[in-house]
Every structure is written in structure tokens, then in C-alpha cells.
Amino acid sequence: MTLGQYIKQLRQQQALSQPQLATQMAVEQSYLSKLENDHSIPSNDVFRKLLAALQLDLDSFMAGLTEQGDRQNLTQIPDIEAWYQNLDKHRLARRRSWLITALVCISLGCALFYSGYRTIFLPEHQYEYFSHGELREGEPLDLYTRWSRYVSETEIASREDFDAMRLMYQKRQAPELFFSFEYRGSAFVQPVENGRRYFELKADQERSVPRAGNAWMQFIGMVLFVAGLLGLFIERRYARAQ
């Protein structure tokens, strides 16, 4: 649709005759006829009078013409040229935002997938520590395994004394397991209400425990990656259509 055809269409939609519209624009009817027949391009001043007569703002006027109008001819009118320049800026800004969002999705998706796959934030290697029982203040850490080193000969003068002492330490034992995804060394001491516990790593009990969070990170990462690629494809198609 040409500019002239569009002006005629708008005039007819408002049930105005050529003389009526020409009068409202303060121009000759013959000049308006030339405009509607595309024999002339209105000056910027006349174009503003046209908008005022039709009671339209520039955006409303261009809404029906943008996709069909001849931009090369339309931009001979300064107001329309400025409108197109502003439109181009907005389109460029949208393309940049779309492109940045797509690249962020791809980067974040890769990072999430890698983190979940390599179990960076949620380790799946679990360590098992074992404690024989609670230790009182001042008692050695290896009391339950080497208690005989810490008693005097007078306390175990006979076999009966030795057996009684061993039975006492056996009764004191309260075994406890501690599982951790964090490596806390070959052994560590943990305070408890009545003293402390000495935990030793059971090297032969290390195991892998799957964690749902890692699977979710991989899934979300893949979704974001695919969404980012789709965004790049759409942005490219949009750019070609402009």
C-alpha cells in the first residue's frame, strides 16, 4: 500500500470527503488529490496537518503502514524518517537483549550441566567414620583399642583383673558411625555432651551415593542450553526478516 492509498483509506474510514479533509488540513482539494494519487509527497508541515485533521498521532498512523509502506518514499518526510530511526534503535536493542539472553542461557546451561556431571557443588563420594565410644576429659584418643597401655601393672595383677578391665571398657563402648560427603581427614575429634568422640576413617567403606540435586542440575542445564540455541536461531531468523 502506498502512502496515497493509505491516506485515502483513512479518509474513507472516517467518512470524510476530499473537500472536507482538505478544508480541515487548510490545503487545496487538488493538492490532496495529488497526495492520494501518489503524485506528490507531503511536506513535514502538511503531514502534521494531515495527522491533526485525522486526529491521529504518529504511532497510530504508522501502525497501519509499517509493514506495507514504501520506506524509501516515506522517509522523505522528516517526522516519518525520525520515527523509522527510532524504530530501528528499538529493534536493535531487542535483538541485542535477545542475543545476550540466549548466550547467557547457553553459558549457564553448560555450567550447570558440568557442575552436576562432575558433582562439584554436591559431592557424591561419601566417607564413613567410626567411633568406639565417648571419651572423658583427659583420656587418650586410642583408649578403646589400646587401653592396656594406660593401666598400671597393679591394676591388672592377675588374669581376672585383666579380664575385668577389658570387660569394663567393652561395656563403655557405644559405637557410632558418621557419614560425610566432605573429607575430614583420616581422623577427627568431635565434642559431645559428656566429653568427646574420636572418629577414624574406614578407608574400605568409601562409597558413591547419587544425589538428586546433581541430576536436576544436569537436566536444567540441558534445558537452558537448548533454549539458548533456540533463541539464537530465532534471533537470526528475525534479523533476516528485517
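User: In this predicted model, how far apart are the mean positions of the positive and negative charges?

Analyst: The protein carries 28 positive and 29 negative charges, and their mean positions are 7 Å apart. The model from which this value is computed is a predicted one.

User: How does the radius of gyration of the protein stand against that of a compact globule of 242 residues?

Analyst: For a compact globule of 242 residues one would expect a radius of gyration near 18 Å, whereas the protein has 42 Å. The spans of the C-alpha trace along the principal axes are about 135 × 30 × 25 Å.

User: Which pair of residues illustrates distance in space, and what secondary structure does the protein have?

Analyst: The protein contains nine helices and six strands. One pair is lysine 89 and glutamate 139, which are 50 residues apart in sequence and 77 Å apart in space, C-alpha to C-alpha. Lysine 89 is located in helix 7, a helix that runs over residues 78–117. With a relative accessible area of 61%, lysine 89 is exposed, because exposed means over 50%.

User: What share of the residues of the protein counts as buried, and what is the accessible surface?

Analyst: Of the 242 residues, 29% count as buried. The accessible surface comes to about 15,700 Å², and carbon and sulfur atoms hold 53% of that area.

User: Among contacts between residues at least 6 apart in sequence, what percentage joins residues at least 24 apart?

Analyst: The figure for the protein is 67%.

User: How should one read a pair of aromatic rings?

Analyst: The description of such a pair rests on the distance of the centres and the angle of the planes. In this structure, a search of the whole model finds 12 aromatic pairs. In one of them, the ring centres of tryptophan 147 and phenylalanine 162 are 5.1 Å apart and the planes stand at 40°, so the pair is tilted. This pair links distant parts of the chain, 15 residues apart: tryptophan 147 belongs to the loop between strand 2 (134–135) and helix 8 (159–172), and phenylalanine 162 belongs to helix 8.

User: Are tryptophan 147 and phenylalanine 162 buried or exposed?

Analyst: Tryptophan 147 has 9% relative accessibility and so counts as buried, the limit being under 20%. Phenylalanine 162, at a relative accessible area of 23%, is partly exposed.

User: What is the geometry of the pair formed by tryptophan 216 and phenylalanine 219?

Analyst: Here the centres are 5.8 Å apart and the planes are at 85°, so the pair is edge-to-face. Both residues lie in helix 9 (residues 212–241), three residues apart, which is about one turn of the helix. Tryptophan 216 is exposed, its relative accessible area being 53%.

User: Which residues do ring pairs link into a cluster?

Analyst: The cluster consists of Tyr129, Phe178, Phe188 and Phe199.

User: Where is valine 189, and which residues does it touch?

Analyst: Valine 189 is in strand 4 (residues 187–192). Leaving aside residues up to four places away in sequence, valine 189 touches Leu141, Arg196, Arg197 and Tyr198. Between valine 189 and phenylalanine 199 there are 6.2 Å in space, C-alpha to C-alpha, and the two are 10 residues apart in sequence. Valine 189 is partly exposed, with a relative accessible area of 39%.

User: What sign does phi have in most residues other than glycine, and which residues here have a positive phi?

Analyst: Phi is negative in most residues other than glycine. In this structure, alanine 15 has a positive phi of about 55°, and threonine 119 has a positive phi of about 50°. Alanine 15 sits in the loop between helix 1 (3–13) and helix 2 (18–25) and is exposed, with a relative accessible area of 66%. Threonine 119 sits in the loop between helix 7 (78–117) and strand 1 (125–131); at 23% relative accessibility, threonine 119 counts as partly exposed.

User: How far is threonine 119 from glycine 213 in sequence and in space?

Analyst: Glycine 213 and threonine 119 are 94 residues apart in sequence and 9.2 Å apart in space, C-alpha to C-alpha. Glycine 213 belongs to helix 9 and is partly exposed, with a relative accessible area of 26%.

How values were computed:
Residues are numbered from 1 along each chain as its sequence is written. This is a predicted model: local features need pLDDT of at least 70, side-chain atom pairs count only at pLDDT 80 or more; totals for chains, interfaces and linings use all residues. Side-chain values use heavy atoms; hydrogens and water are left out. Helices (H or I, at least four residues) and strands (E, at least two) are DSSP runs, numbered from the N terminus. The radius of gyration is taken over C-alpha atoms; the globule rule is 2.2 Å times the number of residues to the power 0.38. Buried means under 20% relative accessible area, exposed over 50%, partly exposed in between (1.4 Å probe, protein chains only). Contact means heavy atoms within 4.5 Å. Accessible areas come from the Shrake-Rupley method with a 1.4 Å probe; for residues, only the protein chains shown count as cover. Lys and Arg count as positive and Asp and Glu as negative; His and the chain ends are not counted. The place of a charge is taken as NZ of Lys, CZ of Arg, CG of Asp or CD of Glu. Rings of Phe, Tyr and Trp (its six-membered ring) pair if their centres lie within 6.5 Å; planes under 30 degrees apart count as stacked, over 60 as edge-to-face and the rest as tilted.
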